[in-house]
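Thanks for coming, everyone. Please have a look at the sequence and the structure, and then I will talk you through a few places in the fold.

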Amino acid sequence: MITALPDDTSRLRATVDFVSAQDSETLLPLLLPGLDGPELRALVERCRFAHAALLVFPPDPRALDATLAECGLPPGSAAQPSVVVRDRLALRHHRAAADLDVRILRPAVQGRDGQPRTVEVFALTVPPGSDLAPLAERERTRHEEAHVAFEVAAPDPLVLRGLRASFARYGALPDGGGYNPHENGTVFYFAAPADAKADYRRIELYAPGDHRDQLGAHLDAFRTGQPAETMLRLLTGAWTTQALAVFARFRVPDAMDTGRAVDAEALARAVGADADTLTVLLRHLAGLGVVTDESPGGFRLAPLGALLRADDPGSMRALALMYGGPFYESFGALDHTVRTGEVAFDHVFGRHHFEHFARDPELAALFDLSMAASRRMFEPLPAHPVLAAAARGPRGATVVDIAGGNGELLTHILAAHPALDAVLLERPHVIDAARTRLDTARCTFLPGDFADVPPGADVYLLSRILHDWDDARCREILRHVARAMPADADLLIVERLLPTDDSPSLAPVWDLHMRCNVGGRERTADHYAQLLTGAGLTLVGHTPLPLDGRVLHARRTETAGGVSGEG
C-alpha cells in the first residue's frame with residue numbers, strides 16, 4: 001500500500017484502507033515475526049492499534065483540504081505543530097528546523113472491529129517553485145515518516161520498559177522519538193525487523209504524558225547506531241554542564257513556574273540576563289527536558305528542572321554549582337591526574353579540597369549542601385533491617401554517623417525511629433550547621449576526627465566516606481570504627497560499587513571524579529570486603545539504594561577465641 005503511486009491522494013487513500021482493515025492482534029505479528037502466544041496477548045492488552053501515518057506536501061492549505069475530502073476525511077483546520085517530525089526532517093535534510101512548518105492532524109477512521117482509529121497526516125506546505133521541492137520528492141519516494149502506531153494503555157516506567165524490551169526481543173530497533181509539549185505525549189519510534197511482513201518499516205509507541213525519563217534510555221540505544229552523533233554529544237557534554245550551572249547560578253528555575261509558561265524577556269529581566277542569550281540557553285535545556293518550550297508563550301519549568309530550584313525539597317542546585325564550579329575547574333586538569341596519578345584539584349588550587357573548602361565558609365556551606373543533595377541515595381536507609389532491629393530493642397539504641405555532614409541522614413533515621421538516639425561525629429564548623437537541623441534532645445554532637453569514634457553504640461554509619469580516601473586511609477578509618485564497636489554492633493556503609501562487567505552504572509565516572517578531585521576511588525564489593533577484613537570486620541552483605549548506591553552491612557569478625565578486636 002505504501003508502494004502505490006507517489007501522489008498524495010493515492011498514498012492517503014491507501015493508508016485509510018489499511019487503518020480500517022487492521023487491529024492490534026493481526027498487525028503486531030506482521031510487524032514482529034515470531035510474536036505469538038502469551039506475549040502477543042500481553043502486547044495486545046497493552047497496545048491499541050491507533051493509527052497509520054504518512055507525510056504529505058500540499059502546495060497550500062486548500063489543496064490539503066481537497067486531498068482529505070477525496071479520501072472521505074474532514075478538513076485540516078485542527079492541525080497542530082509536529083515537533084518530532086519537524087526535527088527529524090531538519091536533521092535528515094540539513095535544514096533549519098525553524099524553516100519547516102510541519103503540521104499534524106488526525107482525522108478519524110472506523111476500524112473493522114468497530115474501534116475508532118485515526119490516520120495521522122503530517123503536512124509540510126511546499127508551494128510551487130519552493131526550494132523544499134527536492135525534500136518533498138525524496139520523502140514521497142522513501143516514505144521515511146510513514147509508520148504505524150500503537151497507543152500504550154496506562155503507561156508507567158515499568159510498562160514502557162517492558163514494551164521496549166519486547167520490541168527489541170523480536171528485532172525492532174530504536175529509531176528516535178521525542179516529547180511533544182503541544183500534546184503532552186511521548187513517542188518512541190522503532191525500525192521494524194528486516195523480515196517484517198507489513199509494508200510499514202517504522203513502528204511508533206505513543207504514551208500519553210511526559211515520559212522523557214524512559215525516552216532518554218530509548219534515544220541512548222538509538223544513538224549507539226549513530227556513532228558520529230553519539231561522539232559529538234559526548235564531546236559537548238561539558239557545554240551542558242555549564243548550561244545547567246548557569247541556569248542554577250542565575251536562579252532561573254526560581255523565577256519560573258511548572259504550571260505556566262514565562263516570557264523569555266520577562267524572565268531575563270527578573271534574573272539579570274541578556275534576553276536573546278537566555279532564550280538560546282533555554283532552548284538547549286528544552287531539548288534535555290529541563291524546561292518546556294511553549295513558544296510563542298515562553299518557557300515552562302519541567303519537573304526535571306525544578307530539581308535546580310533552591311527551595312525544592314530535593315534540590316540539586318548545590319550539585320550544579322559544585323560540578324559547574326570548582327570541580328569543573330579541576331576536571332580541566334584531568335590530564336595531570338591521568339599522567340601522574342596525583343589529584344588534579346590539589347594541582348589547580350594548591351591544597352586538598354577539604355582544606356580548600358574549610359578556608360572559604362561559603363564554599364564549605366555549598367559543599368555540605370551538595371552532599372545533602374544526594375539524599376535520594378539514602379532515603380530508603382532508615383528502613384534497613386539493622387536500624388529497624390535496633391529501634392525494636394528492649395533498651396534505647398544509639399546510632400553514630402561518622403563524618404555525617406549537616407545531619408541530613410540522621411534526620412531521616414531519627415524521624416523514622418523515635419526510639420533511637422544519635423551521635424554526629426564531625427568537624428566543629430559542620431556541627432554548628434547541623435544543630436539547626438537535628439533534634440538536640442536526641443542527638444549528641446561530637447566534634448572530632450575519625451580517631452574519635454565513640455565506643456559502645458549499636459549501629460555505626462559511614463555514608464559516602466570511604467570513597468574519599470585511598471586504601472591505606474580506609475583501613476585506618478575502619479580500624480578506628482572496629483575498635484569502638486561492641487561485639488554485637490553493626491556497621492552500615494553507603495557507597496557506589498564498581499560493576500565487575502560493563503553493565504551501566506554511575507560508579508565508573510564517579511571513580512574518575514574521586515581520583516581527579518579528592519584522591520579517593522570507588523571500589524567493587526570484593527575490594528571493600530578485603531578492606532573490612534584487614535580491619536577485623538566481615539562483610540555480611542549489601543543491598544541496593546537509589547542513584548546506583550549500595551548499603552554494605554559489616555560486623556566484627558568472629559574468631560576461635562571470640563570476636564576480633566582489631567588493635
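Let me begin with Q214, in what is, please keep in mind, a predicted model: is this residue buried or exposed? Its relative accessible area is 7%, and because the cut-off for buried is under 20%, Q214 counts as buried. The residue sits in helix α8, which runs over residues 212-223, and if we set aside the neighbours within four places in sequence, Q214 is in contact with P157, L160, R161, R164 and F188.

Burial is a good thread to follow through the whole protein, where 50% of the 567 residues count as buried. The largest nonpolar core takes in 46 residues, and those with the most contacts inside this core are L32, V148, F150, F167 and L205. Strand β1, residues 47-56, gives the most to this core, contributing five residues. If you pick out F150 and again leave aside neighbours within four places, you will find contacts that include L27, L28 and L31, then C47, R48, F49 and A50, and also I203, E204, L205 and Y206. Apart from this core there lies another one, of 34 residues, with V252, L278, M322 and F357 among them.

Now to the aromatic rings, for which the search of the whole structure finds 13 pairs. One of them joins F18 and F49 in an edge-to-face arrangement, with 6.4 Å from centre to centre and 85 degrees between the planes. This pair links distant parts of the chain, since F18 belongs to helix α1, residues 8-21, while F49 belongs to strand β1, and the two are 31 residues apart. Both F18 and F49 are buried.

How are the rings of F357 and F367 placed? Their centres are 5.0 Å apart and their planes stand at 40 degrees, so this pair is tilted. Here F357 lies in helix α18, residues 353-358, and F367 in helix α19, residues 361-372, with their positions 10 residues apart in the numbering. Both F357 and F367 are buried, and both are part of a cluster in which ring pairs also link F327, F345, F349, F354, F450 and W469.

Let me finish with the overall view. The secondary structure comes to 26 helices and 20 strands, and the C-alpha atoms fill a box of roughly 90 × 60 × 45 Å along the principal axes. Of the contacts with a separation of 6 or more, 64% are between residues 24 or more positions apart.

Technical notes. Residues numbered from 1 in each chain as written. Predicted model: local features only at pLDDT ≥ 70, side-chain atom pairs only at ≥ 80, totals over all residues. Heavy atoms only, no water. Core = buried A, V, L, I, M, F, W, Y, C linked by side-chain atoms within 4.5 Å. Buried < 20%, exposed > 50% of the residue type's maximum accessible area, 1.4 Å probe, protein only. Helix = DSSP H or I, 4+ residues; strand = E, 2+ residues; numbered from the N terminus. Contact = heavy atoms within 4.5 Å. Phe/Tyr/Trp six-rings, centres within 6.5 Å; stacked < 30°, edge-to-face > 60°.
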